[in-house]
Amino acid sequence: MLPLAMLGHSRIWGQTNRDINCPYRNNLYKRIFMSKKHISILVGSLRAGSFNRQFAEAAIQVAPDGLEMEIVEIGDLPLFNEDLDQGNPPTEWVRLRERIKNSDGFLFFTPEYNRSVPAVLKNAIDVASRPYGQNAWAGKPGAVVSVSISSLGAFGASHHLRQSMVFLDVPMMQQPEAYIGDAHELFDKEGNLQQDSKDFLRTFLDAYTAWVNTF
Ligand code: FNR
């Protein structure tokens, strides 16, 4: 897959082949009365030095006024098992389902594990999608940033994630795309994310704000 344009940084592929403004944005009422949206961030890595987590934290720092973003921890969730969902599910599942249900949208920051989504993230997706008929994700807008130390930018994970979320009735933002490759080279000597990467995140979040406000 070749990027048609690059945004901000040579290692960040963000396709901008059309205006990132959503076609539905002309709804005057929504434009005037847009309120702050509560966005849950899910990070697909539990690693202490996770590049995905660092990108998620940087995104919170540069978030536009219209978004209130918070990382939802998913590392303590028991593995999904339908047998545990018969009347008295684990408290960690109940908490996650409430958080997801009360969110206005979702942002995913994920690495790629063996060309797919890490198990910890898939587990959280499955937990909040059940019990059957009570899919907590439904109808809320999402977006994904995939971050990898490889030059492919975790493209495979991003699209596997999209597949699940589309099934779960989460309209996923289509443009700009965010496949962040060579992530380990995007930090300065002090370990801070470089400014052009932060600028890219801001551009991405501006587009996501417009996307969220169409729902
Ligand atoms: C990886 N990694 C990896 N990278 C990639 O681009 N494609 C892949 O399929 C895989 N597969 C894979 C499997 C497993 C089990 C591990 C542990 C790692 C490398 C991965 O992208 C790299 O470790 C990232 O830095 C992980 O993201 P965090 O933890 O830095 O956020």
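What share of the contacts between residues at least 6 apart in sequence join residues at least 24 apart? The points below take up this question first and then turn to the ligand, the salt bridges and the backbone of this predicted model.

1. **Overall architecture.** Among contacts in the protein between residues at least 6 apart in sequence, the share that joins residues at least 24 apart is 78%. The protein contains six helices and six strands. Followed along the sequence, these elements give the pattern β-α-β-α-β-α-β-α-β-α-β-α.

2. **Burial and surface.** The protein has 215 residues, and 49% of them are buried. The area that the protein exposes is about 11000 Å², of which 51% is supplied by carbon and sulfur atoms.

3. **The shell around the ligand.** The ligand is surrounded by 13 residues, and those that come nearest are Ser45, Arg47, Ser50, Asn52 and Arg115. Sorted by class, this shell holds four nonpolar, six polar and three charged residues.

4. **Polar contacts with the ligand.** Three of the nearest residues deserve a closer look. The side chain of Ser45 places an N or O atom 2.7 Å from an oxygen atom of the ligand. Asn52 has a polar side-chain atom 2.8 Å from an oxygen atom of the ligand. In Arg115, by contrast, a polar backbone atom is involved, at 2.8 Å from an oxygen atom of the ligand. On its own the ligand has 620 Å² of accessible area, and the protein covers 74% of this.

5. **Arg115 and its neighbour in sequence.** Arg115 belongs to the loop between E4 and H4. Its phi is near 65 degrees, a positive value in a residue other than glycine. Asn114 is found in the loop between strand E4 (105-110) and H4 as well, and its phi, near 50 degrees, is also positive in a residue other than glycine. Is Asn114 buried or exposed? The cut-off for exposed is over 50% relative accessible area; Asn114 reaches 80% and therefore counts as exposed. Arg115, with a relative accessible area of 54%, is exposed too.

6. **The salt bridge of Arg115.** Side chains of opposite charge can pair when their charged atoms come close. Arg115 forms such a salt bridge with Glu112, and the closest N and O atoms are 2.6 Å apart. While Arg115 is exposed, Glu112 has a relative accessibility of 17% and so counts as buried. In addition, Arg53, Glu57 and Glu73 are joined into one network by salt bridges that share partners.

7. **Salt bridges to helix H3.** A search of the whole structure finds 10 salt bridges. One of them pairs Glu70 with Arg99, with 3.7 Å between the closest N and O atoms. Because Glu70 lies in strand E3 and Arg99 in helix H3, this pair ties together parts that are 29 residues apart in sequence. Arg99 is partly exposed, at 34% relative accessibility. Another salt bridge is formed by the side chains of Asp76 and Arg95, at 3.2 Å from N to O. Here Asp76 is in the loop between E3 and H3 and Arg95 is in helix H3, so that the pair links distant parts of the chain, 19 residues apart. Both partners are partly exposed: Asp76 has a relative accessibility of 42%, and Arg95 has a relative accessible area of 48%.

8. **Leu79, a nonpolar residue at the surface.** Where is Leu79 found? Leu79 sits in the loop between strand E3 (67-71) and helix H3 (91-101). Its relative accessible area is 66%, and therefore Leu79 is exposed. Leaving aside residues up to four places away in sequence, Leu79 touches Leu84, Trp93 and Asn123. The C-alpha atoms of Leu79 and Ala119 are separated by 9.4 Å, although these residues are 40 residues apart along the chain.

9. **Cis peptide bonds.** Two peptide bonds that lead into proline should be noted. The bond from Arg130 to Pro131 is cis, with omega near 5 degrees, and Pro131 lies in the loop between helix H4 (119-128) and strand E5 (142-147). The bond from Gln175 to Pro176 is likewise cis, with omega near 0 degrees. Pro176 is located in the loop between helix H5 (155-167) and strand E6 (179-180).

How values were computed. Residues are numbered from 1 along each chain as its sequence is written. This is a predicted model: local features need pLDDT of at least 70, side-chain atom pairs count only at pLDDT 80 or more; totals for chains, interfaces and linings use all residues. Side-chain values use heavy atoms; hydrogens and water are left out. A residue is near a molecule or strand if one of its heavy atoms lies within 4 Å of it. A polar contact is a pair of N or O atoms within 3.5 Å; within protein, one must be able to donate a hydrogen and the other to accept it, and residues adjacent in sequence count only if both atoms are side-chain atoms. Accessible areas come from the Shrake-Rupley method with a 1.4 Å probe; for residues, only the protein chains shown count as cover. Ala, Val, Leu, Ile, Met, Phe, Trp, Tyr, Cys and Pro count as nonpolar, Asp, Glu, Lys and Arg as charged, and the others, Gly among them, as polar. Helices (H or I, at least four residues) and strands (E, at least two) are DSSP runs, numbered from the N terminus. Buried means under 20% relative accessible area, exposed over 50%, partly exposed in between (1.4 Å probe, protein chains only). Contact means heavy atoms within 4.5 Å. A salt bridge is a side-chain nitrogen of Lys or Arg within 4 Å of a carboxyl oxygen of Asp or Glu.
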